[in-house]
Amino acid sequence: MIIVMKSHASNREISFVVNQIEAYGYRVHLSQGTERTIIGVVGDDRPLENHNFELLSGVEKVVRILQPFKLASRDFHPEDTTFEVRGVPIGGTKLAIMAGPCAVESRSQLIETAWAVKEAGAGILRGGAFKPRSSPYSFQGLGEDGLEMLAEAREETGLPIITEVMAPEAVATVGKYTDIFQIGARNMQNYPLLLAVGRTQIPVFVKRGMSSTMQELLMSAEYVLAGGNRNVMVCERGIRTFEPATRNTLDINAVPLLKQWTHLPVFADPSHGTGKWDLVAPTARACIAAGADGLIIEVHPHPENAMSDGAQSLKPERFAELVCDLRRLAPVVGRTL
Ligand code: PEP
Ligand code: MN
C-alpha cells in the first residue's frame, strides 16, 4: 500500500506515519515529490489492511497497489524517475542514445566505434565484455580485458559506458569499470544477480527476457529497487513469437504500457528486437514516437566481420543518419536530442 500525504503535511506528521509503519516491522520508501510526499510500505503489507492510516493527521488517502510491483509503480512514484550518468541525463525530456558494438573485440575496434558513435550524437557507449552466447563454442567476450578497453574508450571519448554483468560474483569486478550494469534478457530472472546489483549504487539497465511479460520485467526491476538502488532503467528488446522472419518481435506496445505502469526510464533495443540492420532505423523511430526515453543500438565499423550480431549492427554512417532522423522526430513528441 501507499499512503499519500496531504500537500502541506508537516515533517512531524510524515514521521509519525513512518514510525507507525515501522513499528509493525515494515520498511518504508519515501517519495518526496514537488507536490506531496508518498509513503510506500515495502513487503507483503496484507496484515496492515485493517489499520486505519486514513485517520492519522496529515494523511490524504491510502491506496492499495494491486500490481505486485510497488516501488517500480507509478502509483508509488507518479513523477518520472530521472538521474544522470556522468552528466548524461536519463529519463527526462532529453533522449538518451546508447550505441556501440555488441561485443568488445579489440582496442582498435572499440575506440573507432566509440568515436564514431560519439560524433554521430550518442551519449553512452555500449559494449559487451562478458557475452551470454547461446553456444558454448561462440565468442564469449574478452572478459576483464574488454572492461579495461571500455574504460580506456571512456577516458578517450568522455562517453560513459554500459556493459553486461552475468553473475553475482562478477558484480564487484564489472562494477570497478562500468557506469551502468546491463542485465541481459537471459538473466532477467537471475534473482541473486538482481539482488547483487541492487546492493550497489551503480545504475542498472534491465532488459526484458525473451519470453517474459511486462509484469515480470517490472518485478525484476523491483528486486533492484528493493535492494536500495533507485537508478533503474527497463528495456524492451523483443520477444519470442511464432514469426521466424525476424530474430524477435519488437513489442512496441510495451513502450507506452511500461510508461503508464512505471516511473522508471523506458528504453528500446531495435537491434535485438529485429535482428536485421535494415529494420533497426524504422523500429527505432517507432519506439521514440511511442514514448521511449532512449535507445540502445548496436554499431560496428565492419559488421561483416563482427564476432557477434553483425547482421543487426549498423555501420557508423547509417547510425549517424538515424540520429539525424531522431533529431527531427524528437520535438514532435516533446523531446530533445
Ligand atoms: C546484447 O545487448 O548484446 C544482448 C546480449 O542483449 P539481450 O540480452 O537483449 O539478448
Ligand atoms: Mn548483441
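1. Strand 3 is largely enclosed by the rest of the structure, because 6 of its 6 residues are buried. Buried means under 20% relative accessible area, exposed means over 50%, and partly exposed lies in between, using a 1.4 Å probe and protein chains only. Strands (E, at least two residues) and helices (H or I, at least four) are DSSP runs, numbered from the N terminus. Both faces of strand 3 are covered: Thr37, Ile39 and Val41 are buried on one side, and Ile38, Gly40 and Val42 are buried on the other.

2. A word on the basis of this note. This is a predicted model, in which local features need pLDDT of at least 70 and side-chain atom pairs count only at pLDDT 80 or more, while totals for chains, interfaces and linings use all residues; side-chain values use heavy atoms, with hydrogens and water left out. Residues are numbered from 1 along each chain as its sequence is written, and chains are lettered from A and ligands numbered from 1 in the order in which they are written.

3. Strand 3 belongs to an open sheet of 4 strands, in the order 2-3-1-4 with antiparallel pairing. The edge strands, each pairing on one side only, are strand 2 (27–32) and strand 4 (59–63). From one strand to the next, the twist averages 20°. Two strands count as paired if DSSP finds at least two bridges between them. Strands of a sheet pair through backbone hydrogen bonds, either parallel or antiparallel.

4. Which strands hold strand 3 (residues 37–42) by bridges? Strand 1 (residues 2–5) runs antiparallel to strand 3 and is joined to it by 3 bridges. Ile3 has Ile39 as its bridge partner in strand 3, and Val4 has Ile38. Strand 2 is also antiparallel to strand 3, and 6 bridges join the two. Here the bridge partner of His29 is Gly40. Strand 2 and strand 3 form a hairpin, with 4 residues between them.

5. Helix 1 (residues 11–23) packs on a sheet made of these strands, touching strand 1, strand 2, strand 3 and strand 4. Contact means heavy atoms within 4.5 Å. The direction of helix 1 makes about 5° with that of strand 3. Axes are lines fitted to C-alpha atoms, for helices over the stretch in contact, and angles run from 0 to 180 degrees between N-to-C directions.

6. Met1 sits in the segment before strand 1. Is Met1 buried or exposed? Its relative accessibility is 3%, so Met1 counts as buried. Leaving out residues up to four places away in sequence, Met1 touches several residues, including Ile39, Gly40 and Val41, as well as Val62 and Val63. Arg64 is another of its contacts; the C-alpha atoms of Met1 and Arg64 are separated by 4.4 Å, although the two are 63 residues apart along the chain.

7. The domain assignment of the protein chain gives domain 1 (2–63) and domain 2 (83–333). Such bounds come from an automatic or database domain assignment. The C-alpha centres of the two domains lie 36 Å apart.

8. There is also a closed barrel of 8 strands, running 7-8-9-10-11-12-13-14 with parallel pairing. Neighbouring strands of the barrel sheet are turned by 25° against each other on average, direction ignored. One pairing is between strand 10 (residues 180–183) and strand 11 (residues 204–207), which run parallel and are joined by 3 bridges. Gln182 stands opposite Phe205 in strand 11.

9. Helices lie against these strands. Helix 3 (residues 144–157) lies across strand 8 (124–126) and strand 9 (161–164), at about 165° to strand 9. In helix 5 (residues 191–198), the buried residues include Leu193, Leu194 and Val197. The buried residues of helix 5 pack against strand 10 and strand 11, and also against helix 4 (171–177) and helix 6 (214–226).

10. Which residues donate to the manganese ion (ligand 2)? The protein donors are Cys102 (SG), His272 (NE2), Glu298 (OE) and Asp309 (OD), lying 2.0 to 2.4 Å from the ion. Donors are N, O and S atoms within 2.8 Å of the metal (3.2 Å for Na, K and Ca); water is not among the atoms, so sites may look incomplete. Glu298 lies in strand 14 (residues 294–298) and Asp309 in the loop between strand 14 and helix 10 (316–329), so the pair ties together parts that are 11 residues apart in sequence. Both Glu298 and Asp309 are buried.
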